[in-house]
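Open the model in a viewer and keep the sequence panel visible. The stops below go from the whole chain to single residues.

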Amino acid sequence: MKADIHPKYQKVVFKDTSTGFMFLTGSTKGSAETVEWEDGNTYPVINVEVSSDSHPFYTGKQKFADAGGRVDRFKKKYNL
C-alpha cells in the first residue's frame, strides 16, 4: 500500500441539531468545532440535521423541527 494517501481516521462526535442527541463514532471527516465527551476527552463535533434520534423511520412518528419552508427561511435569512 502507498504511504500517506489515506485520510486520517479519528473519533468524532455527531450532534443532531434538531434534538441535541450526540453520539461518538469513528470517521474520516473532521471539524474545527470540538466538544468534551463523557470520557473527559475532547473530540471534533459534526452537526447533522437528521439522525436516528429524529428520523421518522427510527422514531415511528413525524417530528417537525422547522415550521417554515425553504422560502420562509430564505426570506428570514435575507430580511425580505
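The tour starts with conventions, then takes the sheet, the turns, the aromatic rings and the C-terminal end.

**Conventions**

This is a predicted model, in which local features need pLDDT of at least 70 and side-chain atom pairs count only at pLDDT 80 or more, while totals for chains, interfaces and linings use all residues. Residues are numbered from 1 along each chain as its sequence is written, and side-chain values use heavy atoms, with hydrogens and water left out.

**Whole chain**

Colour the protein chain by secondary structure: two helices and four strands appear. Helices (H or I, at least four residues) and strands (E, at least two) are DSSP runs, numbered from the N terminus. Read from the N terminus, the order of elements is β-β-β-β-α-α. Now colour by accessibility. Of the 80 residues in the protein chain, 15% are buried. Buried means under 20% relative accessible area, exposed over 50%, and partly exposed in between (1.4 Å probe, protein chains only).

**The sheet**

Select the four strands. They form an open sheet in the order E2-E1-E4-E3, with mixed pairing. Strands E2 (22-27) and E3 (34-36) are at the edges with a single partner strand each, so one side of each has no neighbour in the sheet. On average, neighbouring strands of this sheet are turned by 45° against each other, direction ignored. For such angles, axes are lines fitted to C-alpha atoms (for helices over the stretch in contact), and angles run from 0 to 180 degrees between N-to-C directions.

Go through the pairings in turn; two strands pair if DSSP finds at least two bridges between them.

- E1 and E2 run antiparallel and are joined by six bridges. Select glutamine 10, which stands opposite serine 27 in E2.
- E1 (residues 10-16) and E4 (residues 42-48) run parallel, with four bridges between them. Phenylalanine 14 has isoleucine 46 as its bridge partner in E4, and lysine 15 has asparagine 47.
- E3 and E4 run antiparallel, joined by three bridges. Here the partner of valine 35 in E4 is tyrosine 43.

With side chains shown, keep one rule in mind: in a regular strand they alternate between the two faces of the sheet.

**Backbone angles**

Which glycine takes a positive phi in the hairpin of E1 and E2? Select glycine 20: its phi is near 85°, and the hairpin has five residues between the strands. The hairpin of E3 and E4 also has five residues between the strands, and there glycine 40 takes a positive phi near 90°.

Next, select aspartate 4, in the segment before E1. Its phi is near 60°, a positive value in a residue other than glycine. Most residues other than glycine have a negative phi. Aspartate 4 counts as exposed because its relative accessibility is 81%.

**Aromatic rings**

Show the aromatic side chains. How many aromatic pairs does the structure hold? There are three. Rings of Phe, Tyr and Trp (its six-membered ring) pair if their centres lie within 6.5 Å; planes under 30 degrees apart count as stacked, over 60 as edge-to-face and the rest as tilted. Phenylalanine 21 and phenylalanine 23 make a tilted pair, 6.0 Å centre to centre with 35° between the planes. Phenylalanine 21 is partly exposed because its relative accessibility is 34%, and phenylalanine 23, at 32%, is partly exposed too. Add Phe14 to the selection: Phe14, Phe21 and Phe23 form one aromatic cluster.

Phenylalanine 74 and tyrosine 78 form another tilted pair, at 4.9 Å centre to centre and 50° between the planes. Phenylalanine 74 has a relative accessible area of 46% and is therefore partly exposed; tyrosine 78, with 47%, is also partly exposed.

**The C-terminal end**

Select helix H2 (residues 70-77). Among its eight residues the count of buried ones is zero, so the helix is hardly covered. Asparagine 79, just after H2, takes a positive phi of about 50°. Leucine 80 is in the segment after H2 and counts as exposed because its relative accessible area is 69%.

Finish by showing Phe74, Tyr78 and Leu80 as a surface. These residues make a nonpolar surface patch of about 370 Å². Patches are made of residues with over 30% relative accessible area and no salt bridge, with like charges joined within 9 Å and nonpolar side chains (Val, Leu, Ile, Met, Phe, Trp, Tyr) within 5 Å. A salt bridge is a side-chain nitrogen of Lys or Arg within 4 Å of a carboxyl oxygen of Asp or Glu. Accessible areas come from the Shrake-Rupley method with a 1.4 Å probe, and for residues only the protein chains shown count as cover.
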